[in-house]
Amino acid sequence: MIKIKNLYKSFGDKEVLKGINLDIEDSTVTTIIGASGSGKSTLLRTINLLEKCDDGKIFLDGYEITGENPNLEKIRLKIGMVFQNFNLFPNKSVIENITLAPIKVKGEDEKSAKENAIALLKSMGLEDKVYSYPNSLSGGQKQRVAIARALANKPEVLLFDEPTSALDPEMVKEVLNVIKFLAKKGLTMIIVTHEMGFAREISDNIVFMKNGIVEDIGDPNYIFYETKNENTKKFLQAVL
Ligand SMILES: Nc1ncnc2c1ncn2[C@@H]1O[C@H](COP(=O)(O)OP(=O)(O)O)[C@@H](O)[C@H]1O
Ligand SMILES: [Mg+2]
């Protein structure tokens, strides 16, 4: 579904992505692990076209999305993104946050957009927060709203950049459970995470990034128990 070919990205003279190649199959969960500064966020932001790559190509369903004049709004409906700090619109209610893109960008009618939003909120246990404002929600609730907002666009793939890193420990689980539920439903996801137990449980593939390259890749059993890659082993020893 997503094919990344020889992707390069620098900021000034700092090369952050140094030739990334990665294939993401339909209905799979890929987690990306690696030390801070290894380029994980930059890779996600490049896939979502928040950053323009310097070289290389990204394909979605066989179509290149990194061409000259990509239709950013349309592509971002297909490739949703959930951020560490939620990025909700503070001056809009929960339901306005969720229905904004479907109405404004997709041209959905207001009534069906609202019905869909309420159904999504129900599925996340947030039916009593429909008309609340973000600042009245806990971190875990905010992140579930952010996930509902991304899902409202019916994306083909959803990217998560450390979705639980800004949460108090007691709220991590409620967000991870929502992501597990989406995995069971077959949503294609790419998740940057430091939650190693979660990565082991949910991933079809784990990508270990180091210094802007895919240093190691494989299923959880390979990455956690079988790899011979010394850098992977060192990283896991440090974080486990
Ligand atoms: N917008 C930017 N401008 C300059 N440097 C950046 C920018 N974004 C990221 N970087 C640098 O790129 C490197 C990789 O960052 P990032 O992709 O955020 O890594 P990770 O998510 O793995 O921690 C870091 O050294 C970071 O400082
Ligand atoms: Mg990051």
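How many of the residues of E3 are buried? The points below start with that strand and then move to other parts of the predicted model.

1. Strand E3. Of the 5 residues of E3, 5 are buried, so the strand is largely enclosed by the rest of the structure. The strand spans residues 29-33. Cover is found on both of its faces: one side carries Val29, Thr31 and Ile33, the other Thr30 and Ile32, and all are buried. For a student checking this, the word "buried" stands for a relative accessible area under 20%.

2. Partners of E3. Strand E8 pairs with E3 in the parallel sense, over 4 bridges. Within this pairing, Ile190 in E8 has Thr30 opposite. Strand E9, residues 205-210, also pairs with E3, again in the parallel sense and over 4 bridges. Here Ile33 stands opposite Phe208 in E9. Two of the E3 residues named in these pairings, Thr30 and Ile33, belong to the buried set listed for the two faces of the strand.

3. Strand E8. This strand covers residues 188-192, and 5 of its 5 residues are buried. Thr188, Ile190 and Val192 lie on one side, with Met189 and Ile191 on the other, and both faces are covered. Besides its pairing with E3, E8 runs parallel to strand E7 (residues 157-161), to which 5 bridges join it. Leu158 has Met189 in E8 as its bridge partner.

4. The antiparallel sheet. Another group of strands forms an open sheet of 4, in the order E2-E1-E4-E5, and the pairing there is antiparallel. E2 and E5 (63-64) stand at the edges with a single partner strand each, so one side of each has no neighbour in the sheet. At the E5 end, strand E4 (residues 55-60) pairs with E5 over 2 bridges in the antiparallel sense. In that pair, Tyr63 in E5 has Leu60 opposite.

5. The shell around ligand 1. Which residues surround ligand 1? They are Phe11, Lys14, Val16, Ala35, Ser36, Gly37, Ser38, Gly39, Lys40, Ser41 and Thr42. By type, the shell divides into 3 nonpolar, 6 polar and 2 charged residues.

6. Polar atoms at ligand 1. A polar backbone atom of Gly39 is 3.0 Å from an oxygen atom of the ligand. Two side chains also take part: a polar atom of Lys40 lies 2.8 Å from an oxygen atom of ligand 1, and a polar atom of the Ser41 side chain lies 2.9 Å from an oxygen atom of ligand 1. On its own, ligand 1 has 550 Å² of accessible area, and the protein covers 61% of this. Strand E2 (14-24) and helix H1 (40-47) are the elements that give two or more residues to the shell.

7. Helix H1. With 3 residues, H1 supplies the largest share of the shell around ligand 1. The helix is mostly covered, with 6 of its 8 residues buried. These are Lys40, Thr42, Leu43, Leu44, Thr46 and Ile47. Lys40 is therefore a residue to look at twice, as it is buried under the rule of under 20% relative accessible area and its side chain also has a polar atom 2.8 Å from a ligand oxygen. After H1 comes Leu49, with a positive phi near 65°.

8. Lys228. Is Lys228 buried or exposed? Its relative accessibility is 69%, so it counts as exposed, the cut-off being over 50%. Lys228 sits in the loop between helix H8 (220-226) and helix H9 (230-239). Its C-alpha atom is 9.6 Å from that of Asp216, and the two residues are 12 apart along the chain.

9. The annotated span. An unreviewed UniProt entry carries the annotation "domain: ABC transporter" for residues 2-236. In the model, the end C-alpha atoms of this span lie 27 Å apart. The span is 39% helix and 26% strand. The label itself comes from the UniProt record.

How values were computed: Residues numbered from 1 in each chain as written. Chains lettered and ligands numbered in written order. Predicted model: local features only at pLDDT ≥ 70, side-chain atom pairs only at ≥ 80, totals over all residues. Heavy atoms only, no water. Near = heavy atom within 4 Å. Polar contact = N/O pair within 3.5 Å; in protein donor to acceptor, adjacent residues only side chain to side chain. Areas by Shrake-Rupley, 256 points an atom, 1.4 Å probe, with all protein chains shown as cover. Nonpolar A, V, L, I, M, F, W, Y, C, P; charged D, E, K, R; others polar. Buried < 20%, exposed > 50% of the residue type's maximum accessible area, 1.4 Å probe, protein only. UniProt positions renumbered as here; feature names shortened; annotations may be inferred. Pairing = 2+ DSSP bridges.
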